[in-house]
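Reader: Could you walk me through how to read a ligand site and the pockets of a protein model?

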Amino acid sequence: MSQINLSSVWVQLHQHQRATRHLHMRDLFATEPDRFQRFSLRLDGLLLDYSKNRITERTRDLLIELAHTAELSTWIKRLQAGEPINISEKRAVMHHALRAPADSEIYVDGENIVPSIQAVLQRVGEFVEQVHQQHWRGHSGKPIRHVVNIGIGGSDLGPMLVTRALKPYSVGKVELHFVSNLDGRHLADTLEALDAAETLFIVASKSFSTPETLLNAQAAREWFLAQGGSVEAIQQHFVAVSSNIPAATAFGISPENCFPFWDWVGGRYSVWSAIGLPVMLSIGMTHFRQFLAGAHAMDCHFFSAPFAENAPVLLGLLGIWYNTFYRAHTHAVMPYDQGLSRLPAYLQQLDMESNGKRVGRCGARLDFNTGPIIWGEVGVNSQHAFFQLLHQGTRLVPCDFIIPACEHGKLKTHHTAMLANFLAQTEALMRGKNEAEVLAEFGAKLPDNIDILLPQKVFPGNQPSNTLILDSLNPYNLGMLLALYEHKVFVQGVIWGINSFDQWGVEYGKQLARKIEPELRAGQLPSLQHDASTNGLIRHIHQLRQQRNALP
Ligand code: F6P
């Protein structure tokens, strides 16, 4: 297929946007009382309301036609069938198989991969059980009380998000800590309060070659030895999760303590694999299986529902509507739940590492914008930080608002107040407030500076949002939510014609860092071959560090 922007439906969507851009959602709601019914979906414990978008039935029809033009159904089948759709790395994309029921049959290169997935899950489950039952103990006989996950990107964000989100489901056996940053303070601050004899380290790295992770793992090992641990005892205190078991064993972790996963699981899609070990240690296997089941339910929905009732397809298409046809550059995500505070960061990697691409699958330069900038922050806090710009700024910022209807904590009053804020924001962003309404609020006595004040108090509204309400934030619903976003990203990648499953763009910086690091460490600066700015900065830093005896 030629590039999607050459299709007639692409042109029609541009024309349709020009014809409808002056419509105000407030008027659409006034004339369409059943808008909520027509533009919302209920899936198990998740409700998606997309009625507060600048769309009509015709918009939805055209967007669905766009999906058909991009042969989305065929791509969904190719994903399901384990074809090597990650074309640049010649790999299948099978994270959905990780959450398939144990009796499923899913083939990659002629091999049913489900038995090996289940075998690893079983092994990891047995390990979790040993730690929980205190059969797995530290070298001095103390039970494991603290688990430190050392990983970065997909080997950190997913497990951390899910562990925090599902804290109310913790079985209370171990406390989880996450270390990712190359800033040594991250590890040092984490270890400060820990007793090495009751601490387990998980070295989580798909490639087992990520320098940040290896440096932190090395430093953790040195700390463990300095705290009275022995080289032999490392086996009781370090386990690895990786698809590169030889590298993990070369690091000194015995093969029995290495939990594998496969090259057909992308790092940012790996929380469902053994990379989810911190989650399993926190919430136990029963809850983790519910998490997998929720994601599987979303897979089944995505693979089978007609596009007009398919939540990931609709979210993907709405994103494209704004990103491409309204030229909105960003997409904000506002989780109204403290447990979901890392969701924006998780979605940044999921979406921007997947769809931040400028060439098509086969390398042709694309003539349109692809992945949006994903950003966001936990709601209500964000209301007091950046919502001003959403309400009265000049930019169109499509948003996702996410909240559980029922809370876990005992502070029910808090949650009701938060729900009210949540609903108020999407209503305000949609409706806005016009001059007549502002004047009516002043009543009979207008202030003497009304000319200045009136325009400041008007809200244009028409700011689009999707609302996602979870019945409650439980493992099943969280699994559904994360799989929903995974598939949304897939839908957008297919329509833009890009490979969402590689990430060559993060390699270049790593390559340059490898060159700069020895230069910074050298006692005597070698001759520098960078641009004048980088050379100048290296000299400046080197000099400062030399003066303070901070080399290497
Ligand atoms: O940032 C690039 C990246 O390769 C991500 O895709 C990945 O999640 C992260 O680094 C960590 O990689 P690994 O799990 O191999 O250490």
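Reader: Let's start with one contact. How far from an oxygen atom of the ligand does a polar side-chain atom of S205 lie?

Author: Happy to help, and keep in mind that this is a predicted model. A polar contact is a pair of N or O atoms within 3.5 Å. Here a polar side-chain atom of S205 lies 2.6 Å from a ligand oxygen. For S207, a polar side-chain atom is also 2.6 Å from an oxygen atom of the ligand. G154 takes part through its backbone, with a polar atom 2.7 Å from an oxygen of the ligand. On its own the ligand exposes 390 Å², and the protein buries 86% of that.

Reader: How many residues surround the ligand, and how do they divide by class?

Author: The shell holds 13 residues, with S155, S205, S207, T210 and E353 the closest. By class, two are nonpolar, nine polar and two charged.

Reader: Which pocket does the ligand take up?

Author: The ligand occupies the space of the largest pocket, whose volume is about 930 Å³. Its lining counts 39 residues, and S207, T210, E353, Q503 and K510 lie nearest the centre. Two or more lining residues come from each of α9 (211-226), α14 (343-355) and α20 (507-521). The lining divides into 12 nonpolar, 16 polar and 11 charged residues.

Reader: And what lines the second largest pocket?

Author: That pocket, with about 510 Å³ of space, is lined by 23 residues, and D337, Q338, G339, G409 and M418 lie nearest its centre. Helix α16 gives the largest share of this lining, three residues. By class, the lining has 10 nonpolar, nine polar and four charged residues.

Note on methods:
Residues numbered from 1 in each chain as written. Predicted model: local features only at pLDDT ≥ 70, side-chain atom pairs only at ≥ 80, totals over all residues. Heavy atoms only, no water. Near = heavy atom within 4 Å. Polar contact = N/O pair within 3.5 Å; in protein donor to acceptor, adjacent residues only side chain to side chain. Areas by Shrake-Rupley, 256 points an atom, 1.4 Å probe, with all protein chains shown as cover. 1 Å grid on protein atoms, 1.4 Å probe; cavity = no way out; pocket = protein on both sides within 12 Å on 5 of 7 lines; lining within 4 Å. Sits in = over half its atoms within 2 Å of the grid points. Nonpolar A, V, L, I, M, F, W, Y, C, P; charged D, E, K, R; others polar. Points joined across faces, edges and corners; volume = space filled by probe spheres on them. Helix = DSSP H or I, 4+ residues; strand = E, 2+ residues; numbered from the N terminus.
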